[in-house]
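Please open the model in your viewer and keep the selection panel at hand. The tour goes first to a pocket and then to the cysteines.

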Amino acid sequence: MRSKTPSGQKILAVDDDPKRRSAFEGLLSENGYGIAGAIPFGDLTPERVDAQQTDVIVINAPAPNDYSLETICELQIISPRPIALFCGQGSQEQISSAVTAGISAYMTVELSSNQIGPAIALAVAQFSESQSLRKKLDKAQTALSERKM
């Protein structure tokens, strides 16, 4: 299924459990969202994200671990996208590490119908703001570098 969300963005749903992944797809559809695809976390690669023309990634996982955060960090360097993570738990340290890795919205609630829309909107808004700040920083650093010459 390659349909667009109500806001025109395609969602890549990520969940390792096949039953949860199927329910995840249903939840997106019930709320008027389309999906670019639904994959297990191990298939989350920049090539896959680009090939599926993904605009937003939504991950449903028990808890982020070092491997998943490293994967997300690499993905954000090569093929940056807004990412919302639904996780039933999260310490301040886990949330901080996830945001540093590139998670735009860390939701410490179970994936649910009333949370999916706000989480996607938050991820997109935070990602857009972050990208804007990065561009301004790059521009300022370039201007400063040119002045020194």
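The helices and strands named on this tour are DSSP runs, numbered from the N terminus, with a helix having at least four residues and a strand at least two. The model itself is predicted.

Begin with the largest pocket, which has a volume of about 340 Å³. Select Q76, V99, G102, S130 and R134, which are the closest to its centre of the 18 residues that line this pocket.

Next, colour the elements that surround this space: α3 (66-78), α4 (92-101), β5 (105-107) and α5 (113-148) each supply at least two residues of the lining of the largest pocket. Which of the elements gives the most to that lining? Select α5, for this helix contributes five residues and so gives the most. If you then colour the lining of the largest pocket by residue class, you should find ten nonpolar residues, seven polar ones and one that is charged.

Now leave the pocket and turn to the cysteines, bearing in mind that a search of the whole structure finds zero disulfides. Select C73, which is in no disulfide, and whose nearest cysteine sulfur, that of C87, is 18 Å away. Because a disulfide requires a pair of cysteine sulfur atoms within 2.5 Å, the 18 Å from C73 to the sulfur of C87 does not qualify.

Are these two cysteines buried or exposed? With a relative accessible area of 32%, C73 is partly exposed, whereas C87, at 0% relative accessibility, counts as buried.

How values were computed
Residues numbered from 1 in each chain as written. Predicted model: local features only at pLDDT ≥ 70, side-chain atom pairs only at ≥ 80, totals over all residues. Heavy atoms only, no water. 1 Å grid on protein atoms, 1.4 Å probe; cavity = no way out; pocket = protein on both sides within 12 Å on 5 of 7 lines; lining within 4 Å. Points joined across faces, edges and corners; volume = space filled by probe spheres on them. Nonpolar A, V, L, I, M, F, W, Y, C, P; charged D, E, K, R; others polar. Buried < 20%, exposed > 50% of the residue type's maximum accessible area, 1.4 Å probe, protein only.
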